[in-house]
Amino acid sequence: MSPAYHAVQSSIEQLENAGFSLIKERDNWSSTLRPGGKYYMTRNGSTIVAFAIGAKWKPGNPIAMLGAHTDSPCLRIKPVSKKSGVGYMQVGVETYGGGIWHSWFDRDLSIAGRVLVKDGKGNFAQKLVKVDRPIIRIPTLAIHLDRSSVFDPNKETELFPIVGLVAAELNRTGQGETLKTSDSEEGLDGTFQPLKEITERHHPYIIELIAEHAGVKVSDVVDFEMVLYDVQKSCLGGLNEEFIYSARLDNLNMTYCSVMGLIESISHVSLDNETSIRLITCFDHEEIGSTSAQGANSDLLPAVVRRLSILAGGRHGDSASDKSWEHVSSDPDIDLSTAFEQTMAASFLVSADMAHSVHPNYVGKYESNHQPEMNKGTVIKINANQRYASNSPGIVLLQEVAKQAGVPLQLFVVRNDSSCGSTIGPMLSAKLGVRTLDLGNPQLSMHSIRETGGTYDVDHAIKLFGAYLSHYSDLESRILVD
């Protein structure tokens, strides 16, 4: 897998195979959505929301929500990336998020992301690109030239990838299109270009590779957002294959489990008697603070649940096969002007972001009574200073869900003398006024280019999420603290 765009596309494929239909934010949902229906929408191609509407849903009823994120720390190609030095072709990159950057050295890297192309009709379309062969490397300096015991590379001058040799590029012939690289203001198609031509800002061969994998001509490539990734594929490891060795477990592990949990909830418990909405949302930009149009600190989730909260439900006694909405303005129990607030008061959000497994070589970094282990279950994350949003009613709820699913749980708090990360949980809890709990599967090497997770925790989380989404409407009234 590669960037958030590919994670969303993979999620779409899973959802469509399970019968979910695409809807768009700009459309009128009241004329499209139906009781018992399953839908998904995207924003920016890097954030996805999917939900299934209970056949007995009505305004003011609860929504069982599950939130994760699609992004991970990485290196992104700069808008002007073409560089060279002492005979090497190099690519300028900028850091995204808080990666363990020394882990990116001496890895076989390539590029993936999205490209905006002209479609021949005057329109511009997005295409996903993933170059599957290693073309980039960030080499370390030989130990003979640097005997220092600390490896802390400068992120601007030393975290600087090599893509080839200038001489090899000069000798290359007969591959790709003939590229124009002059200082003229005319582009490849002879029209005025406000920016320098893309083949001047980036090495031409990189543009050729992007165009080839996008299935377009070089002259049709207008812009792109490409990141570096390790071409080594994910695999099972350990003597008994009890580990997953992979890039981006934080947080594609939880994104995958959220999507599959929603699908499993529908396959195991029908929507015919469901009074709530089962919803998952996987945001972009969590690793850099979530403040963007497609981040968790945007209007996305509040806007979606507000639109859903006022959708009229099926007629009393109707089955999911009756696809008509009822006019509810005359129902004394339903006030559409406050349906959103009623729904949020009855709803719950599970914030799913990977957790820290205890590290056998650094046990002293963990609180002695809170040392989660891989393959021992999903971890509930707790913090008195609200870096995580979990509290007792939520923990009780999740315990009841875990009983239904037959899966174990673990608890985690950081040491008092340690800093604590945060998640989308607290910000969405404050934004929506909704009860929230933070959790995640335990892993090692978080934010490294290559991380380690537990093989069996994936199944634990899918079962837990499926049970939460399908049984929340039954459990909600039993754990009510106003």
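Two strands are taken to pair if DSSP finds at least two bridges between them. The legends below describe close-up views of a predicted model.

**Figure 1. The hairpin of strands β11 and β12.** Strands β11 and β12 are paired in the antiparallel sense through three bridges. Within this pairing, Gly237 stands opposite Phe243 of β12. Five residues lie between the two strands of the hairpin, where Gly238 adopts a positive phi near 90°. The two faces of β12 differ in their surroundings: Ile244 and Ser246 belong to the covered face, while Phe243 and Tyr245 belong to the uncovered one.

**Figure 2. The open sheet of five strands.** The strands follow the order β11-β12-β20-β19-β15, and their pairing is mixed. The edges are formed by β11 (235–237) and β15 (355–356); each has a single partner strand, so one side of each is left without a neighbour in the sheet. Further in, β12 is paired with β20 in the antiparallel sense over four bridges, and Ile244 stands opposite Gly453 of β20. Strand β20 (residues 451–454) is also joined by two bridges to β19 (residues 442–444), and these strands run antiparallel. In that pairing, Leu444 has Thr452 of β20 as its bridge partner. Helix α5 (residues 249–268) packs on this sheet and touches β12 (243–246), β19 and β20, with a direction that makes about 35° with that of β20. Helix α10 (residues 455–475) likewise packs on the sheet, touching β11, β12, β19 and β20, and its direction makes about 60° with that of β20.

**Figure 3. The open sheet of nine strands.** The order of the strands is β1-β2-β3-β13-β4-β14-β18-β16-β17, with mixed pairing. Strands β1 (21–22) and β17 (409–412) occupy the edges; because each has a single partner strand, one side of each is left without a neighbour in the sheet. Strands β4 (residues 63–69) and β13 (residues 277–283) run parallel and are joined by seven bridges. Leu66 stands opposite Ile280 of β13. Two helices lie across strands of this sheet. Helix α1 lies across β2 (38–43) and β3 (47–53), running at about 20° to β3. Helix α5 lies across β2, β3, β4, β13, β14 (348–352) and β18 (435–440), running at about 155° to β4.

**Figure 4. The packing of helices α1 and α5.** Helix α1 (residues 4–17) packs with α5 at an angle of about 15°, and the axes are 10 Å apart. The two helices are therefore roughly parallel to each other. Their crossing is right-handed. On the α1 side, the contact is made by Ala7, Ser11, Gln14 and Leu15. On the α5 side, the contact is made by Leu252, Thr255, Tyr256, Val259, Met260, Leu262 and Ile263.

**Figure 5. The surroundings of His6 in helix α1.** With a relative accessibility of 15%, His6 counts as buried, because the cut-off for a buried residue is under 20%. A polar atom of the His6 side chain lies 3.2 Å from the backbone oxygen of Val129. When neighbours within four places in sequence are left aside, His6 is in contact with Ala112, Gly113, Leu128, Val129 and Lys130.

**Figure 6. The surroundings of Asp230 in strand β10.** Strand β10 comprises residues 221–230. Asp230 has a relative accessibility of 5% and counts as buried. The Asp230 side chain makes a polar contact of 2.6 Å with the side chain of Arg107. A polar atom of the Asp230 side chain also lies 3.0 Å from the backbone nitrogen of Gln232. Apart from neighbours within four places in sequence, the residues in contact with Asp230 are Arg107, Asp108, Leu109 and Ile449.

**Figure 7. Gly215 in the loop between α4 and β10.** This loop follows helix α4 (204–214) and leads to β10. Gly215 is exposed, with a relative accessible area of 64%. The C-alpha atom of Gly215 is separated by 8.9 Å from that of Lys127, although the two residues are 88 residues apart along the chain.

Terms used. Residues numbered from 1 in each chain as written. Predicted model: local features only at pLDDT ≥ 70, side-chain atom pairs only at ≥ 80, totals over all residues. Heavy atoms only, no water. Contact = heavy atoms within 4.5 Å. Axes fitted to C-alpha atoms, helices over the stretch in contact; angles between N-to-C directions. Buried < 20%, exposed > 50% of the residue type's maximum accessible area, 1.4 Å probe, protein only. Polar contact = N/O pair within 3.5 Å; in protein donor to acceptor, adjacent residues only side chain to side chain. Parallel < 35°, antiparallel > 145°, perpendicular 65-115°, else oblique. Left-handed = near helix turned anticlockwise from the far one by under 90°.
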